[in-house]
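Hi everyone, thanks for coming. I'd like to walk you through one protein chain today, so have a look at the screen.

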Amino acid sequence: MTTWDLSQTRHHILICNGGSCLKRGADEVTCAIRDEISRCGEDQRIHTTRTKCNGRCADACVVIVYPEGSWFKAVTPEIGKAIVREHLLQCTSLLSHISHVYGEERFLRQPGVPIGVTKEKMD
Ligand code: FES
């Protein structure tokens, strides 16, 4: 069991390790992101968490960055490293791999990203 000191943390990366994402290399993505954070000396400022399914399996592998509220799709180990270097450290965006961003008090789907299904209850 771990209890991290988060007082210096600026970003939290949620890395989906649900079934669909694992089939598309989520474990390798997780290791690549964590290695890049360490290589860049950012362990105190960027925290990562493996999650179960985030409900966007068609976008596997899914990576979500807070507090920005950016949802990345089709993340590979190389894209994961670029998220750390470019999106978090140099504040540029990997627009072609972002599926949703937070704005207007909700997540905004980017052009060309499938809507998905509604959450209406099935009888
Ligand atoms: S398994 Fe990753 S979004 Fe469903």
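Let's start with a little check: what should the 14 residues of helix α2, residues 26-39, span at 1.5 Å a residue? The expected span is 20 Å, and the end C-alpha atoms of α2 are 20 Å apart, so the two agree. Keep in mind that this is a predicted model.

Okay, let's zoom out. The chain has three helices and six strands, and if you read along the sequence, they come in the pattern β-α-α-β-β-β-α-β-β. For overall size, the C-alpha trace spans about 50 × 30 × 25 Å along its principal axes. The radius of gyration is 15 Å, and because a compact globule of 123 residues would have one near 14 Å, that agrees too. Of those 123 residues, 29% count as buried. And here's a number on how the chain folds back: of the contacts with a separation of 6 or more, 63% are between residues 24 or more positions apart.

Now back to α2. Which of its residues are buried? They are Ala26, Val29, Thr30, Ala32, Ile33, Glu36 and Ile37. Seen down the helix axis, these buried residues fall within an arc of 165°, so they line one face of α2. If you're new to helices, here's the background: an α-helix has 3.6 residues a turn, so residues three or four places apart point the same way. On the other side of α2, Ser38 and Arg39 are exposed. Just after the helix comes Gly41, with a positive phi of about 70°.

What does the buried face pack against? Its partners are β1, α1, β2, β3 and α3.

That brings us to the core. The largest nonpolar core has 25 residues, and those with the most contacts inside it are Val29, Ile33, Cys61, Val62, Val63 and Ile83. At least two residues of this core come from each of β1, α2, β3, β4 and α3. Take Val63 as an example: leaving out residues up to four places away in sequence, Val63 touches Ile13, Ile15, Cys16, Val29, Phe72, Val75, Gly80 and Ile83.

One last stop: Leu89, which sits in helix α3. Is Leu89 buried or partly exposed? Leu89 has 16 other C-beta atoms within 10 Å, so it counts as partly exposed. Again leaving out residues up to four places away, Leu89 touches Cys40, Glu42 and Val84.

That's my tour, thanks for listening!

Definitions and conventions: Residues are numbered from 1 along each chain as its sequence is written. This is a predicted model: local features need pLDDT of at least 70, side-chain atom pairs count only at pLDDT 80 or more; totals for chains, interfaces and linings use all residues. Helices (H or I, at least four residues) and strands (E, at least two) are DSSP runs, numbered from the N terminus. The radius of gyration is taken over C-alpha atoms; the globule rule is 2.2 Å times the number of residues to the power 0.38. A residue is buried if 20 or more other C-beta atoms lie within 10 Å of its own, exposed if 12 or fewer, and partly exposed in between; C-beta atoms are placed from the backbone. Two residues are in contact if their C-beta atoms, placed from the backbone, lie within 7 Å. The expected span of a helix is 1.5 Å times one less than its number of residues. The arc is that of the directions from the helix axis to the C-beta atoms. A nonpolar core is a set of buried Ala, Val, Leu, Ile, Met, Phe, Trp, Tyr and Cys residues joined through C-beta atoms within 7 Å.
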